[in-house]
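Welcome! Take a moment to look over the sequence and the 3D structure, and then let us walk through a few of the contacts inside.

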Amino acid sequence: MNELFNIKDMGADYVERKKRNIINLIILVLFVGMVYLAATVASTIKKYNYIGAGVAATNTISVSGEGEVFAVPDIAEVNFSVRVEKKTIAEAQKEVTSRMNAALDFVKKSGVEEKDIKTTSYSAYPKYEPEAKAVCSPDYCPPRKQILTGYEVTHAILVKVRDTEKVGAIMDGLGKQKADDISGPNFSIDDDNALKAEARKKAIDDAKEKAEKLASDLGVKLVRIVGFSEGGNYPIYYSKAASYGMGGADASAPAPSIPKGENKITSNV
């Protein structure tokens, strides 16, 4: 301090500069300290925005909420296959290919895009039958041998129909094309993320309302959420479906009427 204020030994300008430097240094230190303190406080407050953060809760109210959203399906999935049994695998594959190409041509002409047609399985395996009679001795009768009788080839397809009004006509046409094992339709919503979010929001609002009512009845105050879990978020189908057995539908039968109904998406929190 003697150096700082000894005006007798130093010029007034030098002393003044020293004083300013010290004051600026003090201001800088105070500013850094304030910034650090503010960041610490903000970080502490921010932690309480996270579920379960802060001091462990000992007195809690647990509630559940449910949300439901209804929507008309905008897509339908139809499964069908072509199955052929012949003496040789080449003959079976040839006929399967011919019949499947005819069925796929019909599906595409009905307005289904290539991207919505997918093979789900293709199999080819031998068929055996036991021999008519085993050759037996007086003391032993061996098991009957398995004799190769031919080969079975099956080609299965999944079709996604975006124009749901055409589902009945497509299923009817597949039957007339001699497709096998026609099943469906399975109605669904192509993009249901927004509906799931809406159902979740309704479930959360339902849970909040119940918690507030309970707190009011108990004479306590709600502070924060300490836990959250969600279930559901799956569609429940209310639509009807039709199916055809092996060999396709009767060519003289009218195209079936396929009601779509509604899908219900639920969320439980």
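## Two helices and a core

Helix 3 passes helix 4 in a right-handed crossing. Keep in mind that you are looking at a predicted model. The axes of these two helices come within 10 Å and cross at roughly 160°. Angles over 145 degrees count as roughly antiparallel, and helix 3 and helix 4 are therefore roughly antiparallel to each other.

Where do helix 3 and helix 4 meet? On the helix 3 side you will find A103, F106 and V107, and they meet A169, I170, G173 and L174 of helix 4. Sorted by class, this contact has 6 nonpolar residues, 1 polar residue and no charged residues.

Now for the interior. The largest nonpolar core has 24 residues, and those with the most contacts inside it are F80, V112, I157, V159, L174 and I182. The elements in the table each supply at least two residues of this core.

| Element | Residue range |
|---|---|
| Strand 2 | residues 75-86 |
| Helix 3 | residues 89-109 |
| Strand 4 | residues 146-161 |
| Helix 4 | residues 167-176 |
| Strand 5 | residues 180-188 |

Helix 3 gives the most to this core, with 6 residues. Another core lies apart from it and has 6 residues, among them V69, I189, L195 and I265.

To finish, zoom in on V112. Which residues does V112 contact, leaving aside its neighbours within four places in sequence? They are V107, I117, V159, K160, V161 and I170.

How values were computed: Residues numbered from 1 in each chain as written. Predicted model: local features only at pLDDT ≥ 70, side-chain atom pairs only at ≥ 80, totals over all residues. Heavy atoms only, no water. Core = buried A, V, L, I, M, F, W, Y, C linked by side-chain atoms within 4.5 Å. Buried < 20%, exposed > 50% of the residue type's maximum accessible area, 1.4 Å probe, protein only. Helix = DSSP H or I, 4+ residues; strand = E, 2+ residues; numbered from the N terminus. Contact = heavy atoms within 4.5 Å. Axes fitted to C-alpha atoms, helices over the stretch in contact; angles between N-to-C directions. Parallel < 35°, antiparallel > 145°, perpendicular 65-115°, else oblique. Left-handed = near helix turned anticlockwise from the far one by under 90°. Nonpolar A, V, L, I, M, F, W, Y, C, P; charged D, E, K, R; others polar.
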